[in-house]
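Hi,

Here is the structure I promised to pass on. Have a look at it first, and then read my notes underneath.

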Amino acid sequence: RVTTLAPHRWQMAPYACQRRTPLLHSNQPLTEALETLAEEAGFSGSEGRSLAFTRAASVLKALPGRLSTLEELGPLPGIGEHSRRVIQDVLEDGVCAEVERVKLSERYQTMKLFTKIFGVGVRTASRWYQEGLRTLVDLQERGTKLTRQQQAGLRHYDDLNTPVERGEAESISRAVQGAVQRCLPGTSVTLAGGFRRGKPHGHDVDLLLTHPEAGREAGLLSRVVSWLDSQDLILYQHSQENSYALQEGPEPPGGRDVMDRFERCFSIFRLEVQGGPGAARGWKAVRVDLVVAPISQFPFALLGWTGSRHFERELRRFASHERKMVLNSHALYDSRRNLFLPAVSEEEIFQHLGLEYVPPAQRNT
Ligand code: 8DG
Ligand code: MN
Ligand code: MN
């Protein structure tokens, strides 16, 4: 939460999950600059530096008004030396020279181009850059070895980098709804990810499936995907089986913080469209993530798949550092008392953590 101290001094809770962060905020030019540097640091493998810029941007997104001088920031948590310099430059000159240099650099531009291919991460993009590759045509002409996923990513590059509209997400959600009703009546389909946070468009559609009777959801995903495939709705998919067992105990803290072990499917849908970029051929490729959660884990899965990524990271950091608890998309574990804390809603998870409830629309950090 944010309160004004002196006329021009902001005070703010240290963890992003203790703050309300709406989609629209008043400091866009500042957060854009900081997020460019966060992205660039990520491209160079400097995770710590990347996180520092992301944290600074996150603080600015939660400010209730437009920042006009650096002094107003006061001793706000999580804004380091470097970020302050960037903020000052943008406030004084409208731009920050360092950011402009990054945006124009060949490395940044190439890394961006390559990481926008579905299935290409920083490591692969970086290797290609080092090998002298610069364009998508280079990849094809030099016979670069690509996985099946990357081939699909390249084939649908333009579509997959065109924002998905909310209406398109809802239409895909309905198609999946239809498929699950055939395969397992009573299954619910929930639109998670950025759309649940109120974003008008996104890079993909995140759908969470569950069934009110525990155990019925097992094996559901492959039947749903087969049905959708038989209707020519799927251009690409790869699925992963559920590999989570509560008996194993919680994930060790500090593990990969976004990966979970639900039955899930990374796919590309073929969506019929009337207008927009795909209008001439009548369809458009759209990235869809399907995840199946058993009902007892559903609130944790919903919280984990609603994002934002930074909000999730902060929730987990708060849980472990402030509460000695381990939170992931499956469960919440209290290490002091050695027990799992069950929940039937997101609200209850916030209660267990001793946090004020933050609704999805306020998790845009
Ligand atoms: P966007 O698609 O509109 O660009 O934004 P988003 O919806 O916030 O991002 P996302 O990349 O689709 O991720 C949505 C949430 O899903 C995010 O908070 C992290 C969560 N998530 C997990 N596990 C995994 C995982 O294994 N991979 C990915 N990509 N996301 C995961 O809980
Ligand atoms: Mn998404
Ligand atoms: Mn996703």
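Below is what I found, starting with the metal site and moving on to the cores. Keep in mind that this is a predicted model.

**The metal site**

The manganese ion (ligand 3) is held by three aspartates, Asp204, Asp206 and Asp289, through their OD atoms at 2.1 to 2.3 Å. Along the chain, these donors fit the spacing D-x1-D-x82-D. There is a second manganese ion (ligand 2), 3.7 Å from ligand 3, and aspartate 204 coordinates both. Aspartate 204 sits in the loop between β5 (201-202) and β6 (205-210), while aspartate 289 is in strand β9 (residues 283-292), so the pair links parts of the chain 85 residues apart. Are these two aspartates buried or exposed? Aspartate 204 counts as buried because its relative accessibility is 7%, under the 20% cut-off. Aspartate 289 is also at 7% and counts as buried.

**The nonpolar cores**

The largest nonpolar core has 37 residues, and those with the most contacts inside it include Leu34, Leu73 and Phe114. Several elements give two or more residues to this core, among them β2 (10-12), α1 (28-43) and α6 (122-130). The largest share, 6 residues, comes from α1. Domain 1 (2-102) and domain 2 (105-155) both contribute residues, so this core lies between them.

Leucine 73 is a good residue to click on: leaving out residues up to four places away in sequence, leucine 73 touches Trp10, Leu60, Leu67, Ile79, Arg84 and Ile87.

A second, separate core has 28 residues, including Val205, Val224, Ile234 and Val273.

Cheers

Definitions and conventions
Residues numbered from 1 in each chain as written. Chains lettered and ligands numbered in written order. Predicted model: local features only at pLDDT ≥ 70, side-chain atom pairs only at ≥ 80, totals over all residues. Heavy atoms only, no water. Core = buried A, V, L, I, M, F, W, Y, C linked by side-chain atoms within 4.5 Å. Buried < 20%, exposed > 50% of the residue type's maximum accessible area, 1.4 Å probe, protein only. Helix = DSSP H or I, 4+ residues; strand = E, 2+ residues; numbered from the N terminus. Domains from an automatic or database assignment. Contact = heavy atoms within 4.5 Å. Donors = N, O, S within 2.8 Å, 3.2 Å for Na, K, Ca; no water.
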